[in-house]
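Student: I have a structure open and I'm not sure how to start reading it. Could you go through it with me?

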Amino acid sequence: MAGLSETKGPVRRKKLKTNTGAGYAFLAPALLFYSIFFIYPVIFSFIVSTKRWNMLVPLSRARNVGFSEYSYLLRDQMFLGVLRNTLVYALATVSLTIVIALILAVLINNAKLSVLWRFIYFAPVVTPQVAIGTIWGYLYRPNNGLFNSILRLFGIKPIYWLTDPNVALWSIIITAIWAGIGGSMLIITAGLKNIPQDYYDAAKIDGAGPFRQFFHITVPLLSPTLLFLTATGFIGAWQVFDLPFTMGRNAPARSVMTVSWYVYETAFQSLRMGRASAGAFLLFCVIFGFTLFILWLFRRGGIKGYE
């Protein structure tokens with residue numbers, strides 16, 4: 001028996017090595033794709049951010065400036081204002097979109113024609129953001145736009161939705177919320193389908209009303225879904241470019257410009273690739289830190305699967 005167990009040991013180790021090699025072979029395409037389209041761009045962006053490069057000369061001949069572009073951006077009032085715009089946009093769009101989508105998903109979950117309602121709300125998700133920005137730009141027109149026409153019926157003065165620096169960013173935020181509700185609602189609806197009906201039946205027997213059921217059953221059991229929507233929502237919101245660029249070109253730049261828009265103009269209009277790369281790398285760090293903070297915040301709440 002001892003000789004048999006000694007023989008099995010090397011065979012098991014050999015089989016384990018074979019399985020490990022097969023696993024890495026299957027992962028190789030994904031790892032290669034990840035390396036080419038994520039790791040390499042991040043490293044290249046960091047290298048460019050330490051040089052003063054205008055793309056007119058090879059990168060190897062560009063002057064090395066160290067971290068001076070980072071220090072410039074962190075002192076630049078324009079960049080800090082753009083960073084503040086992006087933060088306001090991200091906080092407002094993600095939080096309001098999830099709250100509204102959650103309420104709508106609960107209301108139409110078991111309603112008649114719920115499939116039709118989900119389709120109506122989901123339609124903007126498959127519509128290009130540029131098209132949405134163009135259409136809402138017409139609705140926001142100060143003279144003959146739909147919204148100001150409605151305001152005139154009630155004797156209210158027209159609002160300069162996309163040119164008033166105090167209103168323009170919030171007008172774009174409203175559009176982004178409208179466009180994003182459908183996708184969040186669809187994911188929340190899938191989460192609602194996974195909640196056993198027994199919990200609600202037991203709560204009804206104990207005398208719990210709809211509001212207590214919502215806050216003590218629905219919201220806690222949807223926490224992993226809400227975590228996913230919050231994390232992915234912030235990642236997308238911090239990188240937003242298309243809606244502000246499409247709708248806010250007539251507004252004062254400081255009032256609606258986001259970090260991605262700033263990086264685009266710095267790189268391809270001012271040809272300051274080093275400064276643009278520094279801005280992009282700072283954005284990457286902010287998104288990474290924000291995502292870790294959200295995961296930590298939800299983990300403190302004891303979400304099942306994230307403890």
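Student: Okay, is Arg52 buried, exposed or partly exposed, and which value says so?

Tutor: This is a predicted model, and in it Arg52 has a relative accessibility of 43%, so Arg52 counts as partly exposed.

Student: How many salt bridges does the structure hold?

Tutor: The structure holds two salt bridges, and one of them is between Glu69 and Arg52, whose closest N and O atoms are 3.7 Å apart. Because Glu69 lies in helix 2, residues 68–75, while Arg52 lies in strand 1, residues 51–52, this pair ties together parts that are 17 residues apart in sequence.

Student: And Glu69 itself, buried or exposed?

Tutor: Glu69 is buried, with a relative accessible area of 4%.

Student: What does Glu69 pair with besides Arg52?

Tutor: Glu69 also forms a salt bridge with Arg275, where the closest N and O atoms are 3.0 Å apart. Arg275 lies in helix 14, residues 273–300, and Glu69 in helix 2, so this pair ties together parts that are 206 residues apart in sequence. Arg275 is buried, with a relative accessible area of 12%, and salt bridges with shared partners join Arg52, Glu69 and Arg275 into one network.

Student: Switching topic, which residues does the "transmembrane region" annotation cover?

Tutor: According to the unreviewed UniProt entry, that annotation covers several stretches, including residues 87–107 and 119–139.

Student: What does the chain look like over those two?

Tutor: Over residues 87–107 the chain is 100% helix and 0% strand, with the end C-alpha atoms 30 Å apart. Over residues 119–139 the chain is 71% helix and 0% strand, and there the end C-alpha atoms are 23 Å apart.

Methods: Residues are numbered from 1 along each chain as its sequence is written. This is a predicted model: local features need pLDDT of at least 70, side-chain atom pairs count only at pLDDT 80 or more; totals for chains, interfaces and linings use all residues. Side-chain values use heavy atoms; hydrogens and water are left out. UniProt positions are given in the numbering used here, feature names are shortened, and annotations may be inferred rather than shown by experiment. Helices (H or I, at least four residues) and strands (E, at least two) are DSSP runs, numbered from the N terminus. A salt bridge is a side-chain nitrogen of Lys or Arg within 4 Å of a carboxyl oxygen of Asp or Glu. Buried means under 20% relative accessible area, exposed over 50%, partly exposed in between (1.4 Å probe, protein chains only).
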